[in-house]
Amino acid sequence: MSATLSRGSLQPGQQKLAEKFTILNDRGIGMLTRIYNIKKACGDPKAKPSYLIDKNLESAVKFIVRKFPAVETRNNNQQLAQLQKEKSEILKNLALYYFTFVDVMEFKVCATNLDVDSIFVPISLFLQTVNFDLTKNYLDLVVTYTNLMMLLSRIEERKAIIGLYNYAHEMTHGSSDREYPRLGQMIVDYENPLKKMMEEFVPHGKSLSDALLSLQMVYPRRNLSADQWRNAQLLSLISAPSTMLNPAQSDTMPCEYLSLDAMEKWIVFGFILCHGVLNSDQAALSLWKLALQSSTCLCLFRDEVVCVSNYNKRVNDIKECKEQALSHAGLMHRERRKFLRSALKELATVLSDQPGLLGPKALFVFMALSFARDEIIWLLRHADNIQKKSTDDFIDKHIAELIFYMEELRAHVRKYGPVMQRYYVQYLSGFDAVVLNELVQVRLLSGANIGLPPKWHPIPYIAILLTMVPRAPVKNSLPNVGNRVQFCIFSQCYPFAYTSVSKASLGIADHRELGKMMNTIIFHTKMVDSLVEMLVETSDLSIFCFYSRAFEKMFQQCLELPSQSRHSISFPLLCTHFMSCTHELCPEERHHIGDRSLSLCNMFLDEMAKQARNLITDICTEQCTLSDQLLPKHCAKTISQAVNKKSKKQMGKKGEPEREKPGVESMRKNRLLVTNLDKLHTALSELCFSINYVPNMVIWEHTFTPREYLTSHLEIRFTKSIVGMTMYNQATQEIAKPSELLTSVRAYMTVLQSIENYVQIDITRVFNNVLLQQTQHLDSHGEPTITSLYTNWYLETLLRQVSNGHIAYFPAMKAFVNLPTENELTFNAEEYSDISEMRSLSELLGPYGMKFLSESLMWHISSQVAELKKLVVDNVEILTQMRTSFDKPEHMASLFKKLSSVDSVLKRMTIIGVILSFRSLAQEALRDVLSCHIPFLVSSVEDFKDHIPRETDMKVAMNVYELSSAAGLPCEIDPALVVALSSQNPEEEYKIACLLMVFVAVSMPTLASNVMSQYSPAIQGHCNNIHCLAKAINQIAAALFTIHKGSIEDRLKEFLALASSSLLKIGQETDKTTTRNRESVYLLLDMIVQESPFLTMDLLESCFPYVLLRNAYHAVYKQSVSSSA
């Protein structure tokens, strides 16, 4: 063909060879992707075509496979009968599989029909010096084709799928598919793909071997040991400070970052296909053995690998190389990874400090990325696919660190891409264009006949284009640089092809300096236009997508090793690589790979957040323990020891050892002494560095924010911890004291606040979300909160024991106190109800929680009032008469004897008073807490409440009271009680409310007969809590008559008149049992008036002589002194 060519003319096939290589390589990757997915689908019972596992079609499938590729439909109607029924569905569902195989066949035809030998002179395919792109594309195409045919032969169901489709096609259309004969023959021919391809490549042996032999300088230089790298100070920017700003140059620029894995596949597969050269060329045999000694397990595609030991040629050499690889390859690669960790760390550190060095030292960056990528892929592939002599060499717990530094370098390139672009734009126009032009002029002056007008020759034309690239400053020109430089890149494919043909006038083989310069220019233009593509080419680790188990195992090892946890973010970042492995010829896998990347990233970030959360929880536990040591209850022993020491009481030799004082843990005798808390803080800081490394990452159009994972887990754990620290035991009804819980919560919050030193999260948001939820009855997950737990405990445990007579409310102490009983309680009521505990409770529950507590208390009061009203209804006639006969003593006495459930009325009213007394304690504590936190707001609310005009509408006044009550301020009318009692609405409600007050008033004298009704000046109350009646009577009356729009003052006056009249009668009684505690009961009238905002002492004086009250106080105080004596 080339014999008829003139020296300056090119055939169309010669001109388009570079484009064919590019297109076929891309299509080959697409075919590999489709065949890979078919193989995985056929290997998965869930994804496998149903026709291959259908019992009804089993005999038909076996028959088709046995006869393949022959087609026999006439004499086998019985076996193919079921196939006849489902032929249309088979055609529809197997079409994608069948035509994929057809596409593979077409690709094979195109790839094997390239007549490379007739186009290129043998010496022109040199990788290391000239013609890099064409040689690389040629070898890539050979390996892609080899991998494709080998992967095709691994699909065990290929004959069944192709045969089923063709039989269905013949039954439907009356004839086989037109591609079937060729396709069937291809499947049969490639049962042993290597053997068939060896035959195919006999005509191409010379060009293939020459291309491979051009690696004999490149591959050994890339396949050095870690010690050789270290001695050469490879990738170091600071080893020669004087040359730090000099641009990194090489005669073989593209070869410096060429993938070692790709070269090994070129060498191993290439020499297998042209195996004859191994016998005739010692250099080829040495190169092949060197590659085998590094990798006996080669990648076909993704996680599909092939072991070269299956190759039946040169068995002894392969066996020797395999033994060598098993003995030394693992150690060699382990040492390489160790070196690369330190080298990449140094490189990333220097570039982060001086990003301007990315310009002159860009080659170092891509070399480092490529070297690290090759080592990681080698480890991933060999860890599970070969028998290992030393497992330590194939388990790298520090792999996360290497990946992390790769990601750091990638981030530098992405962030400072404009810096690199500006540098190389100036470099192209200021240096490359000048040198290229000089080289061309030298060649022209030396007499080289180009054969075309100089202005149309490609190489001078490129030099002219490069001079047109904008010079510095290029800030406003960068958007336009891309089109010009990209055009230069495409233009250089043509001169490579033009100067490499056998009849080229300016043969690149004769002008290698020109080829080297053009390779350098291509690299520089990539730095301007193809940074993203370069990152993918040199550092893509999307292969982890197909090694999920190993990927997850590496991640777990990273988290288990505290020194490596700071690099754990590299695993989620790797998930951003996954979508780069997809191909447009197989769009159906994008969703699957996208979902896998999302699920893995979510799992990694979730595990990192969980690990950080667990560390924080452990630190909080330690801090809570230390805070607990400072509680007042622990100082008793210290005080006791001090007293004993002062009194010179000597302890025996076997005495109790002295307790360590708080703060001892902070005293260090040695700097090397490390406590558990130190270890936890170190581990936390390392992990938080990883979580805080990137603000967010985008994967398949989804944005992940690592810090939000931590925030979410902290919220959940803080919620559980707060509830857990209450130590509530439903069986024993035990619960932590509010003050102790508050101390623990504050210690917990202090630790959480310190997290902001490690991670940029808003911990205040966590506090707000969690603590506000704890003020509600249930949290966002429907779980009980501390508000519900403490509310239930105070209502069901403490107040229930009060009503049972085991606990009394002491106004003097403003606390509930245990009474001496036969069965002692398991808790001390004073430790849960004094003012400090109630303030702690208010701090914990907040205004919302205290409001819920009040509402729960009011619900219990409303149930008691409902029962009281039933008792009133039972005695309504008698009470009506007594209401109007209080000035008729004899008639009142006779009517009182007819009343029923008198004790029940007083008991229920006492319970109401106890509940209201507890609520007043809670409200007072809330007011104290809010006055500390928001004093100006509380004073404004208080001023607003105190200045409500008397003529104000009751609805408006109730709104003000509700606001005041929420702030803990006492109100004349309790709004919560009004709301609780408003739900009850029987007929004649107002009358029943009036009679209820009558019932209580006339029943009060019976209290004098109770032994427990004695007033105690020390506690300013009665041991049976009847002093709480004062609060109950006032607040119930105010609430009921507000609801029914009656006069509160008039009704209380009526009550006072009835009560005083009834109590005056017991002064005339002679029975000592009936009048046992008469004076103590008299004092109730004074308490009622003192408690009421509607009654005055003048009014009491008009009903009940004050002298009786004075004598009553004198008597109870005298009795108290005598009983104490």
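How many aromatic pairs does the structure hold? The answer is 40 aromatic pairs, and I'd like to start with two of them. Please keep in mind that everything I show today comes from a predicted model.

Let's take Y427 and F431. These two rings form an edge-to-face pair, with 5.3 Å from centre to centre and 70° between the planes. If you look for them in the structure, go to helix 22, which covers residues 417–445 and holds both of them. They are 4 residues apart, about one turn of the helix. Now, are these two residues buried or exposed? Y427 counts as buried because its relative accessibility is 12%, and the cut-off for buried is under 20%. F431, at 40%, is partly exposed.

Here is the other pair, F718 and Y748. This one is stacked, with 20° between the planes and 5.3 Å between the centres. Which helices do the two rings come from? F718 sits in helix 32, residues 706–725, and Y748 sits in helix 33, residues 738–754. The pair therefore ties together parts that are 30 residues apart in sequence. Both partners are buried: F718 has a relative accessibility of 0%, and Y748 has a relative accessible area of 5%.

Aromatic rings can also gather in a group. One aromatic cluster here is formed by Y790, W793, Y794, Y809, F816, F827, Y832 and F918. Please remember Y809, since that residue will come up again when we get to the pockets.

Rings can have charged company too. What sits over the ring of F689? That is the charged end of R566, 3.9 Å from the ring centre. In a similar spirit, K361 lies over the face of F364, at 5.4 Å from the centre of that ring.

Let's turn to the backbone. Most residues other than glycine have a negative phi, and most peptide bonds are trans. With that in mind, here are some spots to look up. The peptide bond from F68 to P69 is cis, and its omega is near 5°. You will find P69 in the loop that runs between helix 3 (58–67) and helix 4 (81–85).

Then there is Q233, which is not a glycine but has a positive phi of about 50°. Q233 belongs to the loop between helix 14 (226–231) and helix 15 (253–256), and with a relative accessible area of 45% it is partly exposed. K1045 is another non-glycine residue with a positive phi, in this case near 55°. The loop that holds K1045 lies between helix 45 (1029–1043) and helix 46 (1048–1066). At 78% relative accessible area, K1045 is exposed.

Time to zoom out to the whole protein. It has 49 helices and 8 strands. Of its 1125 residues, 53% are buried. The accessible surface comes to about 51,300 Å², and carbon and sulfur atoms account for 52% of that. What about contacts along the chain? If we take contacts between residues at least 6 apart in sequence, 79% of them join residues at least 24 apart.

Now for the empty spaces. How many cavities of 30 Å³ or more does a search of the whole structure find? It finds 6. The largest cavity has a volume of about 60 Å³. Its lining includes D261, H333, W378 and R381. Helix 16 (260–273) and helix 20 (362–385) each give at least two residues to that lining, and helix 20 has the largest share, with 5 residues.

My last stop is the second largest pocket, which holds about 850 Å³ of space. It is lined by 34 residues, and the closest to its centre are Y809, S920, K1031, Q1035 and E1091. So here is Y809 once more, the residue we met as a member of the aromatic cluster. Which elements give two or more residues to the lining of this pocket? They are helix 40 (902–933), helix 45 and helix 47 (1078–1091). The largest share of this lining comes from helix 40, with 8 residues.

That's my tour. If you want one place to begin on your own, try Y809, which is part of the aromatic cluster and among the residues closest to the centre of the second largest pocket. Thanks for listening!

Conventions: Residues numbered from 1 in each chain as written. Predicted model: local features only at pLDDT ≥ 70, side-chain atom pairs only at ≥ 80, totals over all residues. Heavy atoms only, no water. Phe/Tyr/Trp six-rings, centres within 6.5 Å; stacked < 30°, edge-to-face > 60°. Buried < 20%, exposed > 50% of the residue type's maximum accessible area, 1.4 Å probe, protein only. Lys NZ or Arg CZ within 6 Å of the ring centre and 35° of its normal. Contact = heavy atoms within 4.5 Å. Areas by Shrake-Rupley, 256 points an atom, 1.4 Å probe, with all protein chains shown as cover. 1 Å grid on protein atoms, 1.4 Å probe; cavity = no way out; pocket = protein on both sides within 12 Å on 5 of 7 lines; lining within 4 Å. Points joined across faces, edges and corners; volume = space filled by probe spheres on them.
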